[in-house]
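Here are my notes after going through the model you sent. I've kept them as numbered points so you can follow along with the structure open.

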Amino acid sequence: MELNFEGVVVGVMSLVIIGAFHPLVIWFEYHFTQRGWPVFLIAGLLCLIAALFIQGLFSVLLGLLGVACIWSIRELKEQARRVERGWFPKNPKRK
């Protein structure tokens with residue numbers, strides 16, 4: 001019997017990517033505001049386009065990364081609302 005680890009790798013990498021993007025969105029909003037959303041859009045689209053041309057497990061991981069980048073656009077806007085509510089600190093250098 002041959003074991004197939006691709007599903008386990010995809011599951012673990014999904015958790016890693018989601019776990020990494022949560023503090024990344026908080027940090028990005030603190031330093032650059034939500035107006036930096038095009039960075040996430042471009043990175044996400046590049047990852048998704050690259051996933052179309054690559055085969056195998058790496059294609060799946062690029063797809064996950066691309067979708068996480070695009071989802072982060074929404075999270076940036078939500079993070080700005082959290083800052084307005086006082087749930088997260090506002091950057092004192094910003095007006």
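1. How far apart should the ends of helix 3 be, given its 28 residues at 1.5 Å a residue? The expected span is 40 Å, and the end C-alpha atoms sit 40 Å apart, so the two agree. Bear in mind that this is a predicted model.

2. While you're on helix 3, look at Ile-73: the helix bends there by about 30°. Past the end of the helix you'll find Gly-86, which has a positive phi, near 90°.

3. Now the pockets. The largest one has a volume of about 260 Å³. It is lined by 15 residues, and those closest to its centre are Ile-18, Phe-21, Ala-68, Trp-71 and Ser-72. Two elements give two or more residues each to this lining, helix 1 (6–32) and helix 3 (57–84). Helix 3 contributes the most, with eight residues. Sorted by class, the lining comes out as nine nonpolar, four polar and two charged residues.

4. The second largest pocket has a volume of about 190 Å³. Eleven residues line it, with Glu-29, Gln-34, Ala-80, Glu-84 and Arg-94 closest to the centre. Helix 3 turns up again here, giving the largest share of the lining at five residues. The class count for this pocket reads seven charged, two polar and two nonpolar.

5. On to the aromatics: there are four aromatic pairs in the structure. One of them joins Phe-21 and Phe-40, a tilted pair with 6.5 Å centre to centre and 55° between the planes. Phe-21 belongs to helix 1 and Phe-40 to helix 2 (residues 37–53), so this pair ties together parts that are 19 residues apart in sequence. Are these two rings buried or exposed? Phe-21 counts as buried at 12% relative accessibility, because the cut-off is under 20%. Phe-40 is buried as well, with a relative accessible area of 5%.

6. Phe-40 has another partner in Phe-28; that pair is edge-to-face, 5.0 Å centre to centre with 70° between the planes. Phe-28 lies in helix 1 and Phe-40 in helix 2, so here the linked parts are twelve residues apart in sequence. At 9% relative accessibility, Phe-28 also counts as buried.

7. Finally, try displaying these rings together. Phe-21, Trp-27, Phe-28, Phe-32 and Phe-40 form one aromatic cluster. Phe-21 is worth picking out, since you'll have met it already among the residues closest to the centre of the largest pocket.

Notes
Residues numbered from 1 in each chain as written. Predicted model: local features only at pLDDT ≥ 70, side-chain atom pairs only at ≥ 80, totals over all residues. Heavy atoms only, no water. 1 Å grid on protein atoms, 1.4 Å probe; cavity = no way out; pocket = protein on both sides within 12 Å on 5 of 7 lines; lining within 4 Å. Points joined across faces, edges and corners; volume = space filled by probe spheres on them. Helix = DSSP H or I, 4+ residues; strand = E, 2+ residues; numbered from the N terminus. Nonpolar A, V, L, I, M, F, W, Y, C, P; charged D, E, K, R; others polar. Expected span 1.5 Å × (residues − 1). Bend = angle between axes of the 7 residues up to and from the residue. Phe/Tyr/Trp six-rings, centres within 6.5 Å; stacked < 30°, edge-to-face > 60°. Buried < 20%, exposed > 50% of the residue type's maximum accessible area, 1.4 Å probe, protein only.
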